[in-house]
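Hi,

Here is the model I said I would pass on. Have a look at it first, and then read my notes underneath.

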Amino acid sequence: MSLPQNIAAVSVSPTVGSSLHDAFARRRTVEPAPSSLRAPRVLHPLENEGLRLLILENISQEAVNTFRSQGYHVDHYTKALSEDELVQKIGSYHGIGIRSKTKITAKVLKAASKLLVIGCFCIGTNQAGVPVFNSPFSNSRSVAELVMSELVSLSRQLFDRAYELKTGIWNKQSKNCWEIRGKTLGIVGYGHIGSQLSARQTETLEALLAEADFVTLHVPELPETIKMISTEQLSKMKTWFLPHQQRSRQAIKSKHIAGAAIDVFPHEPGANGDPFDDQLNPWASELRKLPNVILTPHIGGSTEEAQAMIGQEVSQYLSRYLGYGSTMGAVNFPEVDLRAIAAGQENQMRVCHIHRNQPGVLKQVNDALSPYNVEKQYSDSKGEIAYVMADIADVNAAELTALKQRISSTDANILTRFLT
Ligand SMILES: NC(=O)c1ccc[n+]([C@@H]2O[C@H](COP(=O)([O-])OP(=O)(O)OC[C@H]3O[C@@H](n4cnc5c(N)ncnc54)[C@H](O)[C@@H]3O)[C@@H](O)[C@H]2O)c1
């Protein structure tokens, strides 16, 4: 997205965002389609048990269709399940897709005897042994578009005028209403969202505040960003401001700041219909009364397109893990992948061994694999978890169960899967 003609943009950010999501996005767009000779072979778990997925919270139909087209059995629910309901059901599923309302507690995981993977379409969890995939950047375009609409809405006091007329008051105004043409937008946090608003870099926040007519904040919640915009910074600003936090109340009351749009709050209601009041945030009622302040219920990323993209991306991660062992994109797991076993290489199979990160494991695994030719192998660790993948050739089908048993019974074993 770029700004309308005649709007300048300046940004401040320590790094320009670059992530695995970007790497995947690039890979998806530039990787040539494999020729028939090099097409990947579709792998199946050794046990050949049909994989069952539990998809909750109305996750997009695209994700469900992707799984079904790959032969998974999918049970799709529109609502979240309670801890007790999950404990009852989870034992028969190999994967689960959730959003923020479902909590995968220790009790649920204990009952999840077959669970291989969690697809997290919103939040993260950090449970040893089960990789979690999410898609934090699929909705940045939606957020950027909301910001653009708010720039115009604040400049024209659109929400106040619209609210007045809905309550029966005609109040035509041009005083303090402005075009955005020729104004400067200051972007704090030039990552996935900020960079879509287009910009040139300033050295310091002070320089940005002094130059910008509008300021928009897109930084993560970190110790150094929590009070990033305080009374001192507000006093350095010109007129307009689109903050995340409540510091601007005094500035708006004193008319130093002409307006604000806020989408994310320190404490947010748990469900639609719950009150947004002083019990939740002690300044809520004061904020609600301020003129030209747009308050929205954390909808920046809430569009049909973003939901569909999250569904596609997370379902791809899950399928790549379940079908090929790849943990690329996992939030809590070492990221391990191997070049695909090509179609026609029927003599090869894949060993996926998740284990505790301790000395001697690779020696044990490679001792077990030593009678076979290891075509390729890769291992990585993250904290207490390590993961090795290996493709081996010319294994006699009759030996597979014993080989799997040998690797599974090593003392560091968490989960061993054979994909054939
Ligand atoms: N309202 C919504 O619905 C919604 C949706 C998506 C994301 N978000 C939130 O928006 C924020 C930004 O998201 P994103 O996807 O662009 O993240 P991102 O990680 O791609 O970008 C964040 C940027 O902030 C920069 N940054 C960090 N600390 C900074 C500092 N002290 N000073 C200046 N820059 C700093 C980083 O270098 C990075 O470039 C996140 O906190 C995210 O949770 C909100």
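**Confidence first**

Over residues 16-20 the pLDDT (the predictor's confidence in each residue, from 0 to 100) stays under 50, and the model gives this stretch eight contacts beyond four places in sequence. A contact here means two residues whose C-beta atoms, placed from the backbone, lie within 7 Å. Residues 23-36 are also below 50 in pLDDT, with three contacts in the model beyond near neighbours in sequence. Where pLDDT is low, the predicted coordinates should not be read in detail. For the chain as a whole, the mean pLDDT is 85, and 86% of the residues reach 70 or more.

Two notes on conventions. This is a predicted model, so local features need pLDDT of at least 70 and side-chain atom pairs count only at pLDDT 80 or more, while totals for chains, interfaces and linings use all residues. Residues are numbered from 1 along each chain as its sequence is written.

**Overall make-up**

The chain has 13 helices and 15 strands; these are DSSP runs numbered from the N terminus, with helices being H or I of at least four residues and strands E of at least two. Of its 420 residues, 36% count as buried. For burial, I count other C-beta atoms (placed from the backbone) within 10 Å of a residue's own: 20 or more is buried, 12 or fewer is exposed, and in between is partly exposed. Of the contacts in the chain with a separation of 6 or more, 65% are between residues 24 or more positions apart.

**The two open sheets**

One sheet has four strands in the order β8-β1-β7-β9, with parallel pairing. Two strands count as paired if DSSP finds at least two bridges between them. The edges are β8 (200-201) and β9 (214-217), each pairing on one side only. Within this sheet, β1 (residues 8-12) and β7 (residues 184-188) run parallel and share five bridges; Ala8 has Thr184 as its bridge partner in β7.

The other sheet has five strands, ordered β3-β2-β4-β5-β6, and its pairing is parallel. Its edge strands are β3 and β6 (132-133), each paired on one side only. Working through the pairs:

- β2 (residues 52-55) and β3 (residues 73-76) are parallel and joined by four bridges, with Leu53 partnering Val74 in β3. The chain goes from β2 through helix α2 (residues 61-69) to β3 in a right-handed β-α-β crossover, meaning that with the strands pointing away from the viewer, the path from the first strand over the helix to the second runs clockwise.
- β2 is also joined to β4 (residues 95-98) by three bridges, again parallel, and in β4 the bridge partner of Leu53 is Gly95.
- β4 and β5 (residues 117-120) run parallel with four bridges; Gly95 has Val117 as its partner in β5.

**Around the ligand**

How many residues surround the ligand? There are 28, and the closest are Gly189, Gly191, His192, Ile193 and Gly300. Being near means that the C-beta atom, placed from the backbone, lies within 6 Å of the molecule. By class, the shell has eleven nonpolar, 14 polar and three charged residues, where Ala, Val, Leu, Ile, Met, Phe, Trp, Tyr, Cys and Pro are nonpolar, Asp, Glu, Lys and Arg are charged, and the others, Gly among them, are polar.

**A few single residues**

Ala212 sits in the loop between α7 (205-211) and β9. Is Ala212 buried or exposed? Ala212 counts as buried because 26 other C-beta atoms lie within 10 Å. Leaving out residues up to four places away in sequence, Ala212 touches Val10, Thr184, Leu185, Gly186 and Lys238. Lys238 is 26 residues from Ala212 along the chain, and their C-alpha atoms are separated by 7.1 Å.

Leu109, in helix α4 (residues 106-111), is partly exposed, with 19 other C-beta atoms within 10 Å. Leu109 and Ile90 are 19 residues apart in sequence and 8.3 Å apart C-alpha to C-alpha.

Most residues other than glycine have a negative phi. Two residues here go the other way:

- Asn176, in the loop between α6 (158-166) and β7, has a positive phi near 60°. Asn176 is partly exposed, with 13 other C-beta atoms within 10 Å.
- Asp394, in the loop between β14 (385-393) and α13 (400-408), has a positive phi of about 60°. Asp394 counts as exposed, since 11 other C-beta atoms lie within 10 Å.

Cheers
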